[in-house]
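Thank you all for making the time this morning. I would like to walk you through one model, taking the contacts between chains and then some local details of the backbone.

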Amino acid sequence: MLGYIAKRGVHGLVSIVGASMLIFAISRLSGDPVLLMLPPEAPQSLVDETRRHMGLDQPLWMQYLIFAGKALTGDFGNSYRWQMPALDLVLDRLPATIQLAVAALLFSMALAIPFGVLSAVHRGTWIDNFGKGFAMLGQAMPNFWVGLLLILVFAIHLEWLPPFGHGTPAHLVMPAIALGWYPVAAQTRIIRSSMLDVLDSDYIRMGRAVGAPDWVLIWKYAFRNAAIPLVTMLGVYFAAMLGGAFVVEVIFAWPGLGRTVVEAVFSRDFPVVQAGVLFTSILFVLSNLLVDLSYGVIDPRIRRDG
Amino acid sequence: MTMKPAIGLLALAALCAPVVATAPARAQASGELTVAFGAEGTAVDPIKYAAGVDHYYIGQMFEQLVRPDPSLKETNWLAEKWDISEAGGKPVIDVTIRKGVKFHNGDLLTAEDFEYSFRKLRDPKVSRWSHLQAAVERFEIVDAHRFRLHFSEGDGSYVANQLQLWAIPKKYYEQVGEDGFSKAPVGTGPWKFVSRTVKEDLKLEAFDDYWNKEHRPKVKKLTIKIIPEDLTRVAAFKTGAVDWIDAVPPSMVEEFTKMKGVKTLSLVTGNNLFIDFNTDMKGSPFADVRVRRAAAHAVDVDAIIKSVVFGQGERYVQVGKGSAGYDPNLKPLAYDPKKARDLLREAGYPNGFDTPCYNLTTPREPNIKEVGEAVFAFLGTVGIRCKVQGLEYGAWIVMGRRGRSGPPIMDGVISWMWSQNLPGDPAIPWAGHLHSYVEGKGWGSYSHTADAKADAMVEELKRTMEPTKRVALIQEIARYKNENVLGGLTTYRPKVTFAWREDKVEFNPWPYPGYYRGFQDVALKK
Amino acid sequence: MAEASPRLPRGFLAGLRGRVGATGLPWVSGTMLLLVVVAALFGEAIAPHDPNGFNLAAAFKPPAWQEGGSLAYLLGTDNLGRDVLSRIIAGARVSLIVAAYAIVFSGVIGALIGMISGYFGGRVDAVIMRLVDIQMSIPSLALALMIAAVLSPSLSTVVIVIAITYWTWYARIVRGEILSLKERDYVALAKVAGCGTATIFHRHLLPNVMNTLLVLATLQVGQVIIFEASLSFLGLGIQSPEVSWGLMLADARNYITKAWWTITLPGVAIMLTCLSSNLVGDWLRDTFDPKRRQL
């Protein structure tokens, strides 16, 4: 088991280092931040000097080594735009994104579980079709569109919810819905199909024959089994939420990492792009690692061959 | 400098001190106000000032020597008096600063603080605007409240930019260092720093010992929330979460003006938009003045202002209203598509021609993308067929920037902008986009024009410091520029609409620093 | 799941015909999808107005069924007086072109790499899978944004960006299939018979993964369209004068209270297209292999 964890851990580490190189190279190629930083009338000499001062005239591989060396000591450089340490900016914003991703995940499960179970139990009926249809709707709507419509209806017209910022649980409702809407379909499908598998099994039939009440059978036994694939996929869905957060945060002015990175890409703020995407990647890798580990725990075969 | 007198001495002084003849006892600042900005200043240290938006924060806490008042008239601010003279053929500005001005930490403002500020501002490793101080070769401290700036050559922009020096506390800055100062900035302004959460808010408190007794905030606590999303900012105002917002979306301005209990104010913010043409590339049709004039006649700028930005723009012809050198008699080339087509035919393009047209898509000004599209569509109606290419900000800057040498990359028409600031002075922008590009000299960094006469005039303007001479020169350049459509076709200056609850807030907008977001004069009603 | 006799690949259409009877065609979603395709192909002929023809005087006309609307502009106009219906039709073309190219590119590249990785195994597999991991550890939108910033946004950039983002899915899934397929008897037989790798790929492996690929591709259409809409919405995707539904939503954002139709209708177009392609994809998947539910 330990060997399995270690192996997966090493893979994860390689992924992160590789990702940092990839991000570094791409962002450096995306343009010249110096021109964007200095006022338009700055003479070329000043532009060149600033570029030299920031170390941007060095060859790419050298810049990366300097960056990596500093990063290992926790120094990701100063944001070009905000003139404060990029790492501080990123770590400051990270909790808000995690909070949003978790909330979105909880919301999606709150919908997917009842839909999935009910669809399976009442397979073929209108309940089944309704559940499937509703879930499919989620997968067909861009999350930023859902967000905009939610703001229009619930914040501007009905004035039930606050449209911006964060602080109270009420602030979390709409962003979580907009973000969590999307995976409901896939989760519903998983729950439904694994429930169907289990509901057909012998011991459930035995239970019925013995006269155990339906709801006990469904929730105590069938659902427990059905939940296993869902739980193992939680890591994947969490990662998906992190990715989707980018646009949702922009819509809701959510003070998270996604919004910060989007802005940083536009203003060619390399240190922030670097630090921001790197930390998101770390979270990504960690969640996938958890998924792999739970698979490993559940299915010994994978541990052996993985 | 803080002196702690013995209590006894203090009591004695209180008994003997003459009653200071000021306005009748005013209520202490009280109450709280929450406002929302659509953009955030990136720095709270004026040395680290990078772009106009940084004024939003810096302008609340820091001050300069000269300042335009709400009617855009330049008034002496931290400077009690100042003048320009000559010594040995080189200009000298002699400044006397007010006495008794305190920093937020109690230190008194002296000439030494300005010297420190000057040293930092001219250091390219520290400040992004070091080139603005380049013409000053020596800072001379005459005494605690007087100093002289010795220029190596004339620099008209220095005067036009309110003498460009921020008052920062030397002792405190040296004590806490750059990082420490950013965490706890100290200035002379009406607002004291309390806390800042990046991308969320800035909390300020009224400075009780503020030097200006006449214009000062009567609100005790101010919270500036940052809400870049238009919709959410509007919703925050409508639901009462904030009582004052800037940047009402142009499409909603009408709705806001009709709202009960809400006061709106639309003000020009100092940015100047124009359409630039590539005139110095070989074989470019725009090298012919007739083609440029045709383009000017082809675009109905007024219709664009009315329909695309919902009236949130003020048409300007070379120099905006309220700016130095504004000429109310200078008229734009009229919207006349027939004349445009005639001119094109005259110039040898009876069937028009195709040209690449570059449009900025990032909304640095509201609807700038749609404005560009509308302009290019207008050009198309007379035969200047645009192949539109949208560019986001980073790519757009690179497109417009002149390279080290050789022809520009921008080979057609581009939607551009260059702020002439508030109240407004075109010298620096014209040096950048009217003067031809000269490698290594800082002229024409974003210019696509090469006209020798314009160059000579712009260079002379840079050297001219005396205000009346500057005005005359600016007007002359404006006329020449307008006639020959050089350095681009000026379109409009965007307006920003501010809105606040009339029954709750009293707000008098000061233009600078802060581009009208300065809460110099604000009070809570009832 | 091992089978006694090899399932020799038959024609795709033959398989389709054989199974249609069992599950029935998805009429509604199929027609919807067809409509979108028709709009994409014949857009210029059907659209009542020039999608980029701006007319400031006709700005903000509501849809025909509302007060103030007119039949000339069935779905209303946007802030520059452009006809929303024409723009939606034009957007259909862009959305489908982007989806088609991006899916084909990512599918072909991904499948090829997946096959190589799965078939050859060993070090090649390890290296390729590490590369896939590295790329997949970066959130796709972040990666897309950065690449778009490098390449300067345009239609081709969007295609490239999406292809780069999605190839990894195909690679992983195809690799999984190959891993199980390569142990089959007929593959071993082919090797013994002296067939070259390319032949084995082409004759024996490819046809068997084809079904999976096609189902995955159809399911991806919705995802790709939404991804492109997100990119365009953020400003790094399709640029005007080209029309994309995501771009229409971005433009309409400022007018959400003034012109609800500009922000709802393009979104509805996205939703209906994705819904119908997802349903068709689901049907394909159920038809071809009802057991494979986790796709």
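**Chain contacts and local geometry**

Let me begin with the interface of chain B and chain C, across which the rule finds 2 salt bridges. Please keep in mind throughout that this is a predicted model. One salt bridge is formed by the side chains of B:Lys369 and C:Asp251, with a nitrogen-to-oxygen distance of 2.8 Å. Between chain B and chain C there are also 3 residue pairs in polar contact, counted where both residues have pLDDT 80 or more.

Which elements of chain B supply at least two residues each to the side that touches chain C? They are the helices α6 (230-238), α9 (301-307) and α11 (368-382), together with the strand β16 (384-391). Of these, α11(B) gives the largest share, with 6 residues on the side of chain B that touches chain C. Sorted by character, the residues on that side of chain B are 11 nonpolar, 5 polar and 7 charged. In the contact as a whole, chain B takes part with 23 residues and chain C with 20 residues, and the two chains bury about 1,800 Å² between them, of which 52% lies on carbon and sulfur atoms.

Staying with α11 of chain B for a moment, I would point you to B:Asn367, which sits in the loop between β15 (353-360) and α11. B:Asn367 is not a glycine, and yet it has a positive phi of about 60°.

Now to the contact of chain A with chain C. The size of an interface is often given as the accessible area lost when the parts come together. For chain A and chain C that buried area is about 3,700 Å², with 79% of it on carbon and sulfur atoms, and the contact takes 42 residues from chain A and 41 residues from chain C. Which three residues supply more of the area that chain A buries against chain C than any other three? They are A:Met136, A:Phe144 and A:Trp145, which supply 16% of that area.

How many salt bridges does the rule find across the interface of chain A and chain C? The count there is 0, while 3 residue pairs are found in polar contact, again with both residues at pLDDT 80 or more. The elements of chain A that give two or more residues to the side touching chain C are α1 (2-29), α6 (126-140), α7 (143-157), α9 (184-199), α11 (214-252), α12 (257-266) and α13 (270-298). The largest share on that side, 10 residues, comes from α1(A). By character, the residues of the side of chain A that touches chain C divide into 29 nonpolar, 10 polar and 3 charged.

As for chain A itself, it has 14 helices and 0 strands, and its C-alpha atoms fill a box of roughly 85 × 55 × 30 Å, taken along the principal axes.

Turning to the inside of chain C, I have one pair of helices to show. Two packed helices are described by the angle between their axes and the distance between the axes. Here the helices are α8 (residues 197-234) and α9 (residues 245-252) of chain C, whose axes come within 7 Å and cross at roughly 35°. The crossing of α8(C) past α9(C) is right-handed. From α8(C) the residues in contact are C:Ile225, C:Ala229, C:Ser232 and C:Phe233, and they meet C:Trp245, C:Gly246, C:Leu247, C:Leu249 and C:Ala250 of α9(C). The residues of this contact divide into 7 nonpolar and 2 polar, with no charged residue.

Finally, let me return to chain B for its loops. Where do we find cis peptide bonds? One runs from B:Leu422 to B:Pro423, with omega near -5°, and B:Pro423 lies in the loop between β17 (413-417) and α13 (427-433). Another joins B:Tyr512 and B:Pro513, with omega about -10°, and B:Pro513 is in the loop between β20 (505-510) and β21 (518-524).

The last residue I would ask you to look at is B:Asn484, in the loop between α15 (467-483) and β18 (489-490) of chain B. B:Asn484 and B:Arg290 are 194 residues apart in sequence, but their C-alpha atoms are 8.5 Å apart in space. Leaving aside neighbours within four places in sequence, B:Asn484 is in contact with B:Val289 and B:Arg292.

Definitions and conventions: Residues are numbered from 1 along each chain as its sequence is written. Chains are lettered from A and ligands numbered from 1 in the order in which they are written. This is a predicted model: local features need pLDDT of at least 70, side-chain atom pairs count only at pLDDT 80 or more; totals for chains, interfaces and linings use all residues. Side-chain values use heavy atoms; hydrogens and water are left out. Contact means heavy atoms within 4.5 Å. Buried area is the accessible area (1.4 Å probe) that two parts lose on being put together, summed over both. A salt bridge is a side-chain nitrogen of Lys or Arg within 4 Å of a carboxyl oxygen of Asp or Glu. A polar contact is a pair of N or O atoms within 3.5 Å; within protein, one must be able to donate a hydrogen and the other to accept it, and residues adjacent in sequence count only if both atoms are side-chain atoms. Helices (H or I, at least four residues) and strands (E, at least two) are DSSP runs, numbered from the N terminus. Ala, Val, Leu, Ile, Met, Phe, Trp, Tyr, Cys and Pro count as nonpolar, Asp, Glu, Lys and Arg as charged, and the others, Gly among them, as polar. Axes are lines fitted to C-alpha atoms, for helices over the stretch in contact, and angles run from 0 to 180 degrees between N-to-C directions. A crossing is left-handed if the near helix is turned anticlockwise from the far one by less than a right angle, and right-handed if clockwise.
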